[in-house]
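Student: I have a model open and want to test the words used to describe it. Can we go through them one by one?

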Amino acid sequence: MFGNAKRLLLSVALVVSNQAVSEGNQMGDDMEDRVVSTPSGQLQGHVSAKNASIRVFRGVPYAKPPVGEARFSPPQPIAPWEGVRDATRDPLPCWQAHSEDAFVWSRGVFDRSEDCLYLTVWAEEDIDEPRPVMVWLHGGAHTGGWGHHPIFDGTALAEAGVIVVTVNYRLGPWGFLAAPMLSEAAPRKGSGNYGLLDAVEALHWVQTHIASFGGDPENVTLFGQSAGSQSVCALMSSPYAQGLFHKAIGQSAACLADFSVDGAGLETGQQLLDELGVKHVADLKQLDNNQLLEASIDCRWAERSRIAVDGDVLPEPPRRRFESGTAMKIPLMVGSLANEGIGLIPMNDALDEGGFEHFLSSRFSNLEAGRDALLEAYVEELRVSYGHAQHAMVTDLFMAHSMREWASMNARHITNTYVYYMSHVPPACRIYRPDSPELELPGGPRSAGAYHSGELAFVFGTMDRVGCGWDDKDAALSKRMIRYWTQFAKTGNPNGEGNPEWQPWGESGLPLELGDNLSMNETALGAKLSALNGAL
């Protein structure tokens, strides 16, 4: 199949039209449009406003709309169409809550639709041989966000010699509701994980369509951040995704939870159905979107992991498959930032000594042996308050520690495993609100540290599109990170001309620190992670 897809590239017909179109609903510049022939039909795109040599195809359907009877069901392949389909406009985001006051992650108020299974493609105009492909899964706790946001503009990555595909997938209960009655009615073994299956369907689309854009279906890197990174991790352990991607990049979230509490999601799913008063699948499929959203918020459905161990998409907790060697054995690059918990993980300012001791005894099984080292590693946070120390430990366990566990499990099988740690502090702005980016922080825009999602504009090179207050150091680091990310996508090794050497995790046991200087450096975090390991 892959060889046939590659040969499709040789027969692709690109027809250049003289008609000017806008770059979708995010831009208004006039540019020449482009038409590409794919196995599903012709698509009319346009050129990027940032670089006229980069073609952009927006709102490309990769599955049938998951509406009506198709609601709460696996995605179905897109049907071919006649004529030329307009691919110059962004689709609507998938259904989700609005977020107007959510720190840097505020997204404002926007239109939404259940008909949202679309992707965007960025590719250079003239490609003489198949290019590596990078497929992006956005973050947002599996309850918010969209892949066609300006922060994920793929122009800069495409300029570096790859094809970029950003994917929208179902969110919240539309994408991850597991419930007994849905499992009983499903043709497959379980229910839930529809958002993961959307990503799988998008990867199938890449296998059959990306050669039409100049991409190589045999060289696909799946990358994502936060919830998107959790999806990358989960799909590495899913039989549904085997062979659909060949390298992986995970940014700031793994999937190594033990899933011992309602791992299949059936209990919390039933609680949502009880909140709604729904007893039949047919009624659930006809339910008003606002009613479903409000009920999911009222019963706190999303407080459980949205990903479920359903016995099908995920036959068992991903950790077990990584530990047993049954997960994908592919080159992997993962990392985290220095201050991921700021604004993301709640701080318990009222925590007293008794509460802190209860936290330690309930979280660490080897506390008697590891207590002294743990308290010494977090002595600076303890000097501030018990709440600060707990917050720092929870943050490090959730982010840096779990990412390195993921890397270590992978490194047992694949030497091409790399870990980064971003200490560089970006300005804290509403990165998803280009119309209103400023945040008022008492200590100034760089007082939030290297916050969760702070690397996104660096990876995509979109500082001209989002955020505020970027400087020359930010731009220089972004160029280096783009070079690392795209070189990894090309070869499975991020090293290349112009960047300091990044040594494999299994050989060095050190991350590449993305700071004012790029070096293999552990800094103070190493002692903390060693202490956490000793107490777990």
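Tutor: What follows is a run of questions on overall form, burial and aromatic pairs. Keep in mind that this is a predicted model.

Student: What makes the size of the protein chain agree with a compact globule?

Tutor: The rule is 2.2 Å times the number of residues to the power 0.38. For 536 residues that gives a radius of gyration near 24 Å, and the protein chain has 23 Å, so the two agree. The C-alpha atoms fill a box of roughly 70 × 60 × 45 Å along the principal axes.

Student: How many helices and strands does the protein chain have?

Tutor: There are 18 helices and 14 strands. Among contacts with a separation of 6 or more, 74% join residues 24 or more positions apart.

Student: What share of the protein chain counts as buried?

Tutor: Of the 536 residues, 60% do. The accessible surface comes to about 20500 Å², and carbon and sulfur atoms hold 48% of that.

Student: How many positive and negative side chains are there?

Tutor: The protein chain has 41 positive and 66 negative ones. The centres of the two sets lie 4 Å apart.

Student: How many aromatic pairs are there?

Tutor: The count is 22.

Student: Why is the pair of Trp 95 and Trp 174 called tilted?

Tutor: Ring centres must lie within 6.5 Å to pair, and tilted means neither under 30 degrees nor over 60. Here the centres are 5.7 Å apart and the planes meet at 35°, so the pair is tilted. The partners are 79 residues apart and link distant parts of the chain. Trp 95 sits in the loop between strand E5 (84-86) and strand E6 (118-124), while Trp 174 belongs to helix H3 (residues 172-176).

Student: Why is Trp 95 called buried?

Tutor: Buried means under 20% relative accessible area. Trp 95 has 11%, so the term applies. Trp 174 has 5%, so Trp 174 is buried as well.

Student: Why is the pair of Phe 356 and Phe 359 called tilted?

Tutor: The centres are 6.2 Å apart and the planes are at 35°, so this pair is tilted. Both residues lie in helix H11 (residues 353-363), three residues apart, about one turn of the helix. Phe 356 and Phe 359 are both buried.

Student: Which residues do ring pairs link into a cluster?

Tutor: Tyr 418, Tyr 420, Tyr 484, Trp 485, Phe 488 and Trp 502 are linked in this way.

Notes: Residues are numbered from 1 along each chain as its sequence is written. This is a predicted model: local features need pLDDT of at least 70, side-chain atom pairs count only at pLDDT 80 or more; totals for chains, interfaces and linings use all residues. Side-chain values use heavy atoms; hydrogens and water are left out. Helices (H or I, at least four residues) and strands (E, at least two) are DSSP runs, numbered from the N terminus. Buried means under 20% relative accessible area, exposed over 50%, partly exposed in between (1.4 Å probe, protein chains only). Contact means heavy atoms within 4.5 Å. Accessible areas come from the Shrake-Rupley method with a 1.4 Å probe; for residues, only the protein chains shown count as cover. Lys and Arg count as positive and Asp and Glu as negative; His and the chain ends are not counted. The place of a charge is taken as NZ of Lys, CZ of Arg, CG of Asp or CD of Glu. Rings of Phe, Tyr and Trp (its six-membered ring) pair if their centres lie within 6.5 Å; planes under 30 degrees apart count as stacked, over 60 as edge-to-face and the rest as tilted.
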